[in-house]
Amino acid sequence: MYTHLERFVRATNYLSAIQLYLKDNFLLEEPLAPEHIKERLLGHWGTCPGINFVYAHLNRAILTHNTHMIFVLGPGHGFPAIQANLFLEGTLSKYYADVPRTLPGIKYMVKQFSWPYGFPSHSNPGAPGVILEGGELGYALSTSYGAVLDNPDMIAVCLVGDGEAETGPTATAWHLSKLIDPATNGAVLPILHLNGYKISGPTLMGRMSDEDLLTLFQGYGYEPHIVDAYTEDNPHERMSVVMDNAINRIREIQRGFREGKYTEFQKFPMIILRSPKGWGSIKSLDGKRIEDNHLSHQVIADRARTDATEREALEAWLRSYAFHELFDGKKFHADIEALIPPPQLRMGDNPHTMGGEPYYKPLILPNTQVYSRTETCHLDGPKCEDASSMTAVGAYLGDVLSLNASYRNLRIFSPDETYSNKLDAVFAVTKRSFMLPQKEWDKDMAHDGRVIEMLSEHSLQGLMQGYVLTGRHAVFASYEAFMQIIASMADQYAKFLHIARDVTWRGDVPSLNYILTSGAWRQEHNGFSHQNPGFIDDMLQRQGCFVNVYFPPDVNSALKVMERVLTSKNEMNIIVMEKRPVPCWRTEAEASKDVAEGISVWDFASDKDPHMVFSAVGDYLTKETLAAITIVRSEIPMMRFRFVNILALSALGLGDAQCRVLPHDIDYYFTVNKRVVINFHGYPQTIKQVLFDYGCETSRFTVHGYEEHGSTTTPFDMFVRNKTDRFSLAMEAFIIAEEEGLITVKERYQLCEKYTQKLADHRSYIIEHGDDPKEIYDWIWTPRSS
């Protein structure tokens with residue numbers, strides 16, 4: 001009864017295995033010889049048989065239930081199995097003309113696996129249906145949950161390896177079912193694949209008892225079912241029954257919520273599959289256990305090209321699949337063909353995973369003028385009130401959610417910080433998604449909400465990746481310091497995007513958008529642990545012109561940046577802005593131009609033929625730099641300045657030299673030979689590298705920034721400790737004034753002594769009063785006297 005499944009798995013196991021080894025004699029039509037074997041044997045075998053077993057059963061389930069599925073593979077090193085199934089179902093041939101579903105196609109696929117300029121060893125964007133590389137383990141489950149959000153008919157089958165199950169990101173991702181409303185979203189069917197071993201030893205869950213596993217996952221909120229290939233007389237029979245029951249239960253839960261039968265959290269099914277690692281391969285070599293041991297993790301019989309004994313073992317293993325019974329050189333056995341879904345239902349060709357239309361729709365955006373400030377601090381003086389960029393962005397995002405409500409294609413992710421980060425205006429139009437029981441005093445929570453909060457940055461990043469790669473829009477807002485938690489995940493996504501942008505058959509996807517707020521400069525109350533601008537530094541290391549870091553200096557600039565990132569495609573955008581009020585410096589028109597160009601000379605703070613250039617990156621740093629200019633002008637009225645604000649690094653401003661799109665040469669902004677002092681939001685070395693990329697003569701540039709001097713202190717003292725404060729900047733200008741012949745050495749010494757004393761007085765004041773003096777808070781921009 002299950003021979004069709006057995007034949008399908010035999011075929012994919014053979015096709016998986018020969019990808020690792022063969023460069024000729026692909027059907028074993030003659031005895032295996034050294035020249036048939038690749039010189040370098042690369043890849044991983046151990047997990048492939050389990051993947052092939054699962055994929056075959058998913059095909060059967062798709063046909064039985066006429067349902068749409070995507071397959072998300074956690075252990076991406078099992079790519080030979082994915083590629084074998086893509087080939088067998090015909091999807092690989094659709095996108096690769098060199099891989100027809102024939103013997104020449106088999107030859108090409110096998111020869112090119114793990115081959116220079118061929119197919120990679122791991123899951124990758126060049127493989128149809130793939131939305132996760134899985135090289136760095138831990139992200140499959142959260143990515144799967146992201147994919148099913150607002151996709152009510154989708155089932156994402158997520159295969160989690162037992163090595164991956166030991167990772168922190170996977171441990172938290174099991175909870176995501178508690179945030180997914182079955183009435184409006186699809187479902188994830190997790191399959192925990194326990195083959196017992198990692199690369200050099202046993203896995204934890206592989207050695208746990210069935211009783212403990214059932215208890216663990218029932219506690220996580222699932223209905224677990226075990227399929228044990230060790231004990232079942234016919235694993236195919238057991239898997240078929242379990243799979244059918246799981247799909248039926250998923251649909252029953254969804255109907256129950258959509259028809260109002262269910263109102264409380266229901267446990268979704270999951271499958272625990274126990275099977276030997278390297279299932280069905282070489283039993284032992286050199287007296288060492290291979291199958292059902294860690295030694296089958298990668299390439300077994302890796303000396304087969306040079307060792308006759310290993311070559312004989314390899315040949316015997318490959319011939320055990322009797323591939324000639326399954327493929328006659330022209331066509332596959334009818335049982336295999338019967339398990340291949342029609343084109344519109346094939347997992348490898350699911351359009352949700354391909355980007356582009358119909359699932360990618362640009363957002364409808366409101367006019368930013370509605371939220372902008374019409375008064376600016378350099379034009380309107382005392383009439384100008386400080387404004388919170390995050391508060392305005394919250395109102396803007398709330399209206400974006402409203403305008404796109406019928407499309408359900410925008411979500412906000414945040415680790416319990418939507419209120420703290422001043423985005424709470426969105427709760428006028430939506431709620432926080434939460435499926436567990438709610439108390440009467442809980443606020444802004446519902447089964448169906450556009451905001452997802454969880455204190456796991458890893459889970460939120462995975463959700464966002466799955467959501468975006470299936471065509472929808474997302475914003476991830478978090479404290480700046482703790483975004484560093486997902487730096488490696490963001491790096492993995494950047495690698496995926498770097499390749500995907502050049503895959504011609506992949507359509508557009510929205511950009512991945514981060515908001516970094518509650519930054520180091522205003523974490524004086526939480527202290528040193530909350531002061532870390534390292535995420536921007538990491539992201540600026542990415543190669544390619546698709547990673548942008550924005551530092552809007554005020555509310556109008558912040559709104560224009562949000563407008564820009566929400567219309568962008570195939571990029572990664574990081575926006576660094578504060579939630580506390582700061583002065584509004586730019587009109588809406590100026591802000592629009594600044595965002596387009598990424599860097600600008602602010603005329604109101606600049607003079608012709610400057611003696612020096614002040615530059616700032618970041619909202620607080622802009623204020624401190626402008627304050628320094630007013631100080632120096634009051635002390636040395638004849639000194640002339642140029643003020644340059646850098647709003648965007650990388651593709652829209654400064655950064656990777658290959659991404660230059662500045663409207664003017666770099667010297668247009670920083671002059672040819674004048675001294676330049678830059679006040680930077682992050683680590684000084686970040687800007688120094690940018691300047692190096694641009695070939696700047698760096699000896700005339702001085703960079704101030706965050707230098708890991710922090711604690712629980714006052715806001716202004718954070719600047720003082722890192723020498724980004726107005727007084728320290730002014731003293732640097734006094735030195736330049738002396739170099740320019742504007743003041744004498746004695747006058748420079750007296751001025752520096754005066755402001756050194758101001759710093760000492762400030763230290764004494766905050767030690768006594770616990771807060772900064774009024775003159776710091778009350779500073780306003782004063783234009784140069786005419």
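Two residues are taken to be in contact when heavy atoms lie within 4.5 Å. The model is predicted, so-called local features need pLDDT of at least 70, side-chain atom pairs count only at pLDDT 80 or more, and totals for chains, interfaces and linings use all residues. Residues are numbered from 1 along each chain as its sequence is written, and side-chain values use heavy atoms, with hydrogens and water left out.

The protein chain contains 26 helices and 21 strands, assigned as DSSP runs (helices: H or I, at least four residues; strands: E, at least two) and numbered from the N terminus. Along the principal axes, its C-alpha atoms fill a box of roughly 95 × 65 × 45 Å. The radius of gyration of the protein chain is 30 Å, which agrees with the value near 28 Å for a compact globule of 786 residues; the radius is taken over C-alpha atoms, and the globule rule is 2.2 Å times the number of residues to the power 0.38.

Among contacts in the protein chain with a separation of 6 or more, 78% are between residues 24 or more positions apart. Of the 786 residues, 64% are buried (under 20% relative accessible area, 1.4 Å probe, protein chains only).

Arginine 675 belongs to strand β20, which covers residues 675–680. Outside its neighbours within four places in sequence, arginine 675 is in contact with Met612, Val613, Arg700, Thr702, Glu732, Ile736 and Glu739. With glutamate 739, the side chain of arginine 675 forms a side-chain polar contact of 2.7 Å (a pair of N or O atoms within 3.5 Å, one able to donate a hydrogen and the other to accept it; residues adjacent in sequence count only if both atoms are side-chain atoms).

Definitions and conventions
Buried means under 20% relative accessible area, exposed over 50%, partly exposed in between (1.4 Å probe, protein chains only).
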